[in-house]
Amino acid sequence: MIKAILVDDEPLALEIMETYINQIPEIQLVKKCENAFEANEVLKSQHIDLMFLDIQMPELNGLEFSKM
């Protein structure tokens with residue numbers, strides 16, 4: 001099982017991506033995060049195999065977050 005999180009500041013994008021991910025039985029969606037800081041807390045507490053990461057987010061964008 002692949003454990004994944006979604007990171008996007010747009011609620012509609014999170015819902016659409018969740019719909020697609022739920023159609024793939026091998027992927028377990030662990031959490032939907034509205035920003036990189038929330039995602040970072042998840043990464044500290046759980047093993048995550050895959051992140052779906054929005055590039056354009058306020059404060060800390062997806063590219064900056066991925067370099068952390």
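Q: What is pLDDT, the score behind the chain average?
A: pLDDT is the predictor's confidence in each residue, from 0 to 100. This model is predicted. Its protein chain averages a pLDDT of 87. At least 70 is reached by 82% of the residues.

Q: Where in the protein chain is confidence lowest, and where is it highest?
A: Read it element by element. Helix 3 (residues 62-67) has the lowest confidence, with a mean of 58. Strand 2 (residues 27-33) has the highest, at 97.

Q: In what order do the strands of the sheet lie, and is the pairing parallel or antiparallel?
A: Follow the strands across the sheet, not along the chain. Here three strands make an open sheet, ordered 2-1-3, and they pair in parallel. Strand 2 and strand 3 (50-53) are the edge strands, each paired on one side only. From one strand to the next, the twist averages 20 degrees.

Q: How many bridges join strand 1 and strand 2?
A: Six bridges link strand 1 (residues 2-7) to strand 2, in the parallel sense. To place one of these pairs, take Val-7: its bridge partner in strand 2 is Cys-33.

Q: Which residues make the nonpolar surface patch?
A: Look for nonpolar side chains that are open to the surface. In this model, Leu-12, Ile-16 and Tyr-20 make a patch of about 340 Å². Leu-12 sits in helix 1 (residues 11-21).

Q: Why does Leu-12 count as exposed?
A: The test is a cut-off: exposed means over 50% relative accessible area. Leu-12 has 61% relative accessibility, so it counts as exposed.

Terms used: Residues numbered from 1 in each chain as written. Predicted model: local features only at pLDDT ≥ 70, side-chain atom pairs only at ≥ 80, totals over all residues. Heavy atoms only, no water. Helix = DSSP H or I, 4+ residues; strand = E, 2+ residues; numbered from the N terminus. Patch = residues over 30% accessible without salt bridge, like charges linked within 9 Å, V, L, I, M, F, W, Y side chains within 5 Å. Areas by Shrake-Rupley, 256 points an atom, 1.4 Å probe, with all protein chains shown as cover. Salt bridge = Lys/Arg side-chain N within 4 Å of Asp/Glu carboxyl O. Buried < 20%, exposed > 50% of the residue type's maximum accessible area, 1.4 Å probe, protein only. Pairing = 2+ DSSP bridges. Axes fitted to C-alpha atoms, helices over the stretch in contact; angles between N-to-C directions.
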